[in-house]
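Q: I have a model open and would like to learn how to read it. Could you walk me through a few of its features?

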Amino acid sequence: MKDLPTPLILLDVKKLKRNISKVSRIAMKNGKKIWPMIKTHKSTYIARLQRDYGSDGFLCGTIDEAEVLTEKGLTKNIMIAYPIADRENLRRVMNIIEEGVRVIIRVDSKECAEFINDHLRKRGLDIDYVVKVDVGMKRLGVPPEKIGKFVSSVEKYKRLNFVGVATHPGQAYASTSPDGVKEVAETTAGILREVKKEIERLGYDPEIVGTGSTPTLRYDLEMDVYTHLFPGNYVYYDRFQVEFMGSATFNDCALTVLATVISIPEHSKGKLAVINVGSKYLGLDRAAHGGGALKNYGYIIEHPKARIFALSEEVGKVDISEDQSVKIGEKVTIIPNHACVVGNATSYLVAHVNGVVKGLVEVDMRNGVRVPRIIFNVQLSK
Ligand SMILES: Cc1ncc(COP(=O)(O)O)c(C=O)c1O
């Protein structure tokens with residue numbers, strides 16, 4: 001592997017398979033479905049692995065992902081993670097339904113429900129929906145105590161069929177310790193138990209009660225209330241999951257970035273190394289969801305005491321004052337802070353097992369891999 005050019009994104013496929021199989025084994029034992037969030041990896045190779053380990057559905061962050069999964073025949077169940085309020089996106093979703101795939105959307109406003117209902121009626125289609133519940137992240141979602149009223153108010157939109165509720169407890173990422181994560185997991189499950197009771201009281205029998213986040217996953221897998229789980233990051237894990245969330249160890253981290261030390265500039269008197277990897281590979285996240293708990297950008301496996309303290313786009317600055325063994329020309333392997341950003345920075349990952357290269361994994365669901373029809377035919381004049 002040390003003969004490879006840099007920068008490169010490496011994927012340890014043995015760790016990847018171990019991460020996927022471990023979660024799916026517990027889920028199966030506990031009677032839960034894992035419908036993985038695709039946005040972490042955006043790769044049909046990994047989606048296929050997840051399917052082979054038992055996932056019969058996926059959560060998509062983009063319509064591009066949903067289209068590619070459909071074209072490759074990878075699933076008959078797609079949930080779209082975020083509300084659709086754009087006509088072209090809805091048209092693309094309706095095309096997918098016409099391909100025979102069950103698409104479940106997430107709704108959190110009457111305006112959106114009405115818009116979707118109108119367009120489905122014109123095309124003679126129906127769709128299943130879950131209500132997105134806000135369990136404290138304060139991004140999307142209906143407040144838990146208003147779910148019953150919301151579902152009743154959407155009843156009049158006959159093209160929409162209510163099948164349950166789902167959430168993403170992203171506030172878990174604001175915790176800086178495993179105890180904080182546990183609390184978020186328990187609070188979220190408690191809220192969803194109450195929501196489920198309320199829905200049942202109204203006469204519904206929800207097929208789906210779901211949550212999705214890697215920090216809380218180890219608890220979610222054991223919670224009676226959930227039918228479906230939508231984790232994303234668990235395929236790779238990363239420094240943030242290890243150092244703050246307690247979800248994994250460094251040895252579980254499947255995704256790394258290979259870089260070369262290109263300079264130890266004279267002005268630094270041996271205290272600074274510059275690597276040929278910057279924010280375009282490592283991302284600027286020092287925590288997911290905008291927190292800032294980590295003080296630097298990635299963990300260098302060969303030099304744990306060296307700290308990547310600043311990133312330009314294509315180069316990074318590493319403080320080596322506590323590790324003078326770093327050499328110009330040396331290759332270093334970095335575990336990123338947040339793997340979801342890194343995994344789709346390039347069009348392929350280099351797959352390896354214990355450092356022996358095995359092949360390429362295409363990142364074939366990256367943003368922009370599908371050009372929507374409405375702009376596809378526009379020709380740019382010379
Ligand atoms: C709506 C939704 N569900 C699930 C996930 C997966 O979370 P994680 O990457 O922590 O597994 C995300 C990630 O941002 C998300 O936005």
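The dialogue below takes up the sheet, one helix and the ligand site of this predicted model.

Q: In what order do the strands of the sheet run, and what is the pairing sense?
A: A sheet is read from strand to neighbouring strand. Here 8 strands make an open sheet, ordered E2-E9-E8-E7-E6-E5-E4-E3, and the pairing is parallel. Strand E2 (33-34) and strand E3 (58-60) are at the edges with a single partner strand each, so one side of each has no neighbour in the sheet.

Q: How many bridges join E2 and strand E9?
A: Strand E9 (residues 228-229) pairs with E2 over 2 bridges, in the parallel sense. Look for Ile 34, which sits opposite Leu 229 in E9.

Q: What span should helix H7 have?
A: Multiply out the rise: at 1.5 Å a residue, the 24 residues of H7 (residues 178-201) should span 34 Å. The end C-alpha atoms of H7 lie 35 Å apart, which agrees. Just after H7, Gly 203 has a positive phi of about 100 degrees.

Q: Which elements do the buried residues of H7 pack against?
A: Start with the buried positions, among them Val 181, Ala 185, Leu 192 and Ile 199; Lys 196 is buried too. The buried residues of H7 pack against helices H6 (147-154), H8 (214-220) and H9 (239-245), and against strands E7 (160-167) and E8 (208-211).

Q: Which residues are closest to the ligand, and what is the shell made of?
A: List the neighbours, then sort them by character. The ligand is surrounded by 14 residues, the closest being His 168, Gly 212, Thr 214, Gly 232 and Asn 233. The shell divides into 7 nonpolar and 7 polar residues, with no charged ones.

Definitions and conventions. Residues are numbered from 1 along each chain as its sequence is written. This is a predicted model: local features need pLDDT of at least 70, side-chain atom pairs count only at pLDDT 80 or more; totals for chains, interfaces and linings use all residues. A residue is near a molecule or strand if its C-beta atom, placed from the backbone, lies within 6 Å of it. Ala, Val, Leu, Ile, Met, Phe, Trp, Tyr, Cys and Pro count as nonpolar, Asp, Glu, Lys and Arg as charged, and the others, Gly among them, as polar. Two strands pair if DSSP finds at least two bridges between them. Helices (H or I, at least four residues) and strands (E, at least two) are DSSP runs, numbered from the N terminus. The expected span of a helix is 1.5 Å times one less than its number of residues. A residue is buried if 20 or more other C-beta atoms lie within 10 Å of its own, exposed if 12 or fewer, and partly exposed in between; C-beta atoms are placed from the backbone. Two residues are in contact if their C-beta atoms, placed from the backbone, lie within 7 Å.
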